[in-house]
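Trainee: Before I take this fold to the bench, could you walk me through how its parts fit together?

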Amino acid sequence: MRGPFMLRPLQVDMSVPCRVGGVYGLGKDSRQVRFVGFADRNVREAIKSHWNEYEFFWFQPCLSARDAYLRVCQQYHKQMENGGLDVEEHPAAPAGVTEKCPVCGK
Ligand SMILES: [Zn+2]
């Protein structure tokens, strides 16, 4: 993922393309991702919705909901092994994606 960037609405607008899906990470410091999420259509708005909860963000654009889901699963398992996440619940596949998690098969 690209980053870290400061999680401020203007910074998000400058760094993240408009109306693309993607995967993102959030952190209270610039070294450690503490939250991972994805958006199948608008990752910019998804990141901005957390602007008062975290200080930094990382992101990667994705071409499809399936691509975003597979990438968030990889990020989820990577960060769970690397210090843990604030939300420990496994990401759920979006509507229309039948693929299982490529890491754990759930
Ligand atoms: Zn998994």
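The exchange below goes from the chain as a whole to the sheet, the core and single residues.

Trainee: In what order do the helices and strands follow one another from the N terminus on?

Mentor: Please keep in mind that this is a predicted model. The chain holds three helices and four strands, and its C-alpha atoms fill a box of roughly 35 × 30 × 20 Å along the principal axes. Read from the N terminus on, the elements run β-α-β-β-α-β-α.

Trainee: How does the radius of gyration of the chain stand against the globule rule?

Mentor: For 106 residues the globule rule gives 13 Å, and the chain comes close to that, so it is as compact as a globular protein of that length. Contacts that reach far along the sequence are well represented, since among those between residues at least 6 apart, 69% join residues at least 24 apart. The radius of gyration of the chain itself is 13 Å.

Trainee: Which strands stand at the edges of the sheet?

Mentor: Four strands form an open sheet with antiparallel pairing, in the order 1-4-2-3. A strand at the edge has a single partner strand, so one side of it is left without a neighbour in the sheet. Those edge strands are strand 1 and strand 3.

Trainee: How many bridges join strand 2 to strand 3, and how many bridges pair strand 2 with strand 4?

Mentor: Strand 2, residues 21-27, runs antiparallel to strand 3, and Tyr24 stands opposite Gly37 there. Strand 2 also pairs with strand 4 in the antiparallel sense, where Gly21 stands opposite Cys62. The bridges number five between strand 2 and strand 3, and between strand 2 and strand 4 they number seven.

Trainee: Which element gives the most residues to the largest nonpolar core?

Mentor: That core has 23 residues, and those with the most contacts inside it are Tyr24, Ile47 and Val72. Two or more residues come from each of strand 2, strand 3, helix 2, strand 4 and helix 3. With six residues, the element that gives the most is helix 3.

Trainee: What covers the buried residues of helix 3?

Mentor: The buried residues of helix 3 include Ala68, Leu70, Val72 and Tyr76. Helix 3 lies across three strands of the sheet, running at about 175 degrees to strand 3, and strand 3 is itself mostly covered, with four of its five residues buried. The cover over those buried helix residues includes strand 2, strand 3 and strand 4.

Trainee: How far apart are the end C-alpha atoms of helix 3?

Mentor: At 1.5 Å a residue, the 17 residues of helix 3 should span 24 Å, and the model agrees with that expectation. Just after this helix, Gly83 takes a positive phi of about 105 degrees. The end C-alpha atoms of helix 3 are apart by 24 Å.

Trainee: Is Met6 buried, exposed or partly exposed?

Mentor: Met6 is found in strand 1, where it touches Gln11 and Phe56, not counting residues up to four places away in sequence. A residue needs 20 or more other C-beta atoms within 10 Å to be buried, and 12 or fewer make it exposed. Because Met6 has 14 of them within 10 Å, it is partly exposed.

Definitions and conventions: Residues are numbered from 1 along each chain as its sequence is written. This is a predicted model: local features need pLDDT of at least 70, side-chain atom pairs count only at pLDDT 80 or more; totals for chains, interfaces and linings use all residues. Two strands pair if DSSP finds at least two bridges between them. A nonpolar core is a set of buried Ala, Val, Leu, Ile, Met, Phe, Trp, Tyr and Cys residues joined through C-beta atoms within 7 Å. Two residues are in contact if their C-beta atoms, placed from the backbone, lie within 7 Å. The expected span of a helix is 1.5 Å times one less than its number of residues. Axes are lines fitted to C-alpha atoms, for helices over the stretch in contact, and angles run from 0 to 180 degrees between N-to-C directions. The radius of gyration is taken over C-alpha atoms; the globule rule is 2.2 Å times the number of residues to the power 0.38.
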